[in-house]
Amino acid sequence: MSSNFFSFNQAPVIRAMQTKMNYLIERQSVIVGIIANANTSFYKAKDIAPPNFQELLDGDMKKVKMSVTSDMHKKGSSYSQFASYIMEDESAVDETPMGNNVILEEQALKLAETKFQYDQVTKLYKSFSELMELSLRNG
């Protein structure tokens with residue numbers, strides 16, 4: 001195969017969409033974990049900062065492994081590139097009487113927003129794939 005062969009997965013727009021989808025999958029996992037811990041005393045809501053797409057385009061995005069500091073922690077995905085972006089949710093309200101700041105309605109809205117964004121990126125990815133296939137077929 002020629003070295004001039006265009007790799008679909010290396011196109012910057014495809015890499016950006018794949019990164020966005022991976023981010024949304026990881027964010028969904030974090031939100032589901034928050035919902036699961038809604039009744040845990042002193043639990044603090046978290047969120048994941050969105051990826052910096054300029055860094056991605058510059059090729060500086062690095063994969064980071066999640067660390068487990070206690071045997072009671074759930075083992076994270078070793079492929080997660082967003083593990084270092086998990087932070088306490090600053091939009092969370094004051095603590096409840098249990099000492100946590102998890103509001104289920106807020107988390108449900110974030111989950112719905114994440115699903116909507118994932119669906120939109122998936123549609124865009126599919127459209128771009130079909131466009132590329134059409135252009136290669138009619139090349």
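## Salt bridges in this model

A salt bridge here is a side-chain nitrogen of Lys or Arg within 4 Å of a carboxyl oxygen of Asp or Glu. By that rule, the count for this predicted model comes to five salt bridges. The general idea is a familiar one: side chains of opposite charge can pair when their charged atoms come close. Let's look at three of these pairs, and then at how two of the helices pack.

## A buried pair between helix and strand

Which residue does Arg-27 pair with? Its partner is Asp-47, and the closest N and O atoms are 2.8 Å apart. Arg-27 belongs to helix H1 (residues 12–36) and Asp-47 to strand E1 (residues 46–48), so this salt bridge ties together parts that are 20 residues apart in sequence.

Are the two partners buried or exposed? Arg-27 is buried, because its relative accessible area of 6% is under the 20% cut-off. Asp-47 is buried too, with a relative accessible area of 10%. The pair also belongs to a wider arrangement: Arg-27, Asp-47 and Lys-110 are linked in a network of salt bridges.

## Two pairs along helix H3

Helix H3 (residues 104–138) holds both Lys-126 and Glu-130. These two form a salt bridge, with 4.0 Å between the closest N and O atoms. They sit four residues apart, about one turn of the helix. Lys-126 is exposed, at 52% relative accessible area, while Glu-130 counts as partly exposed at 43%.

Further along H3 you will find Arg-137 paired with Glu-133 in a salt bridge. The closest N and O atoms of Arg-137 and Glu-133 are 3.3 Å apart. Because Arg-137 and Glu-133 are four residues apart in helix H3, about one helical turn separates them. As for accessibility, Arg-137 is exposed with a relative accessible area of 58%, and Glu-133 is partly exposed at 46%.

## How H1 and H3 pack

Two packed helices are described by the angle between their axes and the distance between the axes. For H1 and H3, the axes come within 9 Å and cross at roughly 160°. That makes H1 roughly antiparallel to H3, since the cut-off for this label is an angle over 145 degrees. H1 passes H3 in a left-handed crossing.

What kinds of residues make up the contact of H1 with H3? They divide into 17 nonpolar, six polar and four charged residues.

Key
Residues are numbered from 1 along each chain as its sequence is written. This is a predicted model: local features need pLDDT of at least 70, side-chain atom pairs count only at pLDDT 80 or more; totals for chains, interfaces and linings use all residues. Side-chain values use heavy atoms; hydrogens and water are left out. Buried means under 20% relative accessible area, exposed over 50%, partly exposed in between (1.4 Å probe, protein chains only). Axes are lines fitted to C-alpha atoms, for helices over the stretch in contact, and angles run from 0 to 180 degrees between N-to-C directions. Angles under 35 degrees count as roughly parallel, over 145 as roughly antiparallel, 65 to 115 as roughly perpendicular and the rest as oblique. A crossing is left-handed if the near helix is turned anticlockwise from the far one by less than a right angle, and right-handed if clockwise. Ala, Val, Leu, Ile, Met, Phe, Trp, Tyr, Cys and Pro count as nonpolar, Asp, Glu, Lys and Arg as charged, and the others, Gly among them, as polar.
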